[in-house]
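Morning, everyone. Please bring the model up on your screens, and keep the sequence beside it.

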Amino acid sequence: MKKVFLFLFTICITFISCGTKRNLVYFSDLKDTTAYEAAIHNQTDPTIQPDDILSINVSSLNPESNVLFNKGTLIPVASNNKDVGSVAASANNSSTLEGYMVDRAGMVNFPVIGKIKLSGMRREDAQQKITDNLQNYVKNPIVNIRFLNFKVTVIGEVNKPSTFVIPGERINVLEALGMAGDMTTFGKRENVLVIREKEGIRTMQRINLNHKDVFASPYFYLQQNDVVYVEPENKEKAAQTSVSYRLLPILTATISALAIILTGVL
């Protein structure tokens, strides 16, 4: 009887030790009692890219000119995202946005001015460029530009994979994961992939959300059209871990019962 007890006890310990140990804590290298401070140097303003849809608003002392310049084009967009920001959502509920599409050459066809190249420019620079071009037609124009389709996509081992339109035009990877319902328990926090396309170049970078160093990564703050892919943990290991934890209560109960029996016999 003692041999059976020892055998089952050994099996129980083996199942416990075989369970895959994974670090599910974000920034686990931060000490609980230490305040962490670091200057932010990796936050960048978005730049205008081909296929962006821009809201370009012109204000001046001439109401007729304002009406002329502020009529964009109705552009159909493919979006079934219920989390679309207020700017895009209020534009039109029938999957269209009224704005100016940046073509593949990076140009916007603006009234009176004609085609003007804006790709690769920050909003402030693009606003100044349009303002300079309008000086010959409008007195003291004020130009305001917003992105109507600033979006990021989160896929993989998250609870709500989707594409999200960001009205504030600024989002980091943690906020994006929060919008996607956070990672599942099988998501690899130490190996999150960010895919970025900018000025005709596609880059891919893996970041480790278990370490605080990720705050300094140029991929911590997302840019428009970024894709965040959360890689799943090895499914075979996950299955083994799941079986171990399902059988563990049964083994524990069996050993406890045998212990009681042995106590009575001895």
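Let me start with a term. A salt bridge here is a side-chain nitrogen of Lys or Arg within 4 Å of a carboxyl oxygen of Asp or Glu. The idea is simple: side chains of opposite charge can pair when their charged atoms come close.

Now, what are we looking at? This is a predicted model, where local features need pLDDT of at least 70, side-chain atom pairs count only at pLDDT 80 or more, and totals for chains, interfaces and linings use all residues. Residues are numbered from 1 along each chain as its sequence is written, and side-chain values use heavy atoms, with hydrogens and water left out.

Back to charges. By that rule there are 11 salt bridges. Take K188 and E231: their side chains meet at 3.7 Å, N to O. K188 sits in strand 10 and E231 in strand 13 (residues 227-232), 43 residues apart, so this pair links distant parts of the chain. Strands and helices are DSSP runs, numbered from the N terminus: E for strands, at least two residues, and H or I for helices, at least four.

Is K188 buried or exposed? Buried, because its relative accessibility is 18%. The cut-offs are these: buried is under 20% relative accessible area, exposed is over 50%, and partly exposed lies in between, with a 1.4 Å probe and protein chains only.

A second bridge joins D51 and R104, at 2.3 Å, N to O. This one also links distant parts of the chain, with the two positions 53 residues apart. D51 is in the loop between helix 1 (2-18) and strand 1, while R104 is in the loop between strand 3 (96-101) and strand 4 (107-110). D51 is partly exposed at 39%. R104 is exposed at 64%.

Third, E124 and R122, with their closest N and O atoms 3.5 Å apart. E124 is partly exposed at 39%, and so is R122, at 32%. Salt bridges with shared partners join D45, R122, E124, D125 and R170 into one network.

On to the sheet. Two strands pair if DSSP finds at least two bridges between them. Which order do the strands take? The open sheet has 5 strands, running 8-7-13-10-11, with mixed pairing. Its edges are strand 8 (162-165) and strand 11 (201-207), each pairing on one side only. Strand 10 (residues 187-198), the home of K188, pairs with strand 11 in the antiparallel sense over 7 bridges. One bridge partner to find: L193 goes with R206 in strand 11.

Elsewhere, strand 1 (residues 53-59) and strand 6 pair in the antiparallel sense over 6 bridges. V58 has V143 of strand 6 as its bridge partner. Look at both faces of strand 6 (residues 142-147). V143, I145 and F147 are on the covered face, and I142, N144 and R146 on the uncovered one.

Last, the rings. Rings of Phe, Tyr and Trp (its six-membered ring) pair if their centres lie within 6.5 Å; planes under 30 degrees apart are stacked, over 60 edge-to-face, and the rest tilted. The whole structure has 5 such pairs. F215 and F220 have centres 5.1 Å apart and planes at 70°, so they are edge-to-face. F220 also pairs edge-to-face with Y221, at 5.2 Å and 85°. F220 is buried at 4%, and Y221 is buried at 14%. F215 is partly exposed, at 27%. Finally, F69, Y100 and F110 form one aromatic cluster.
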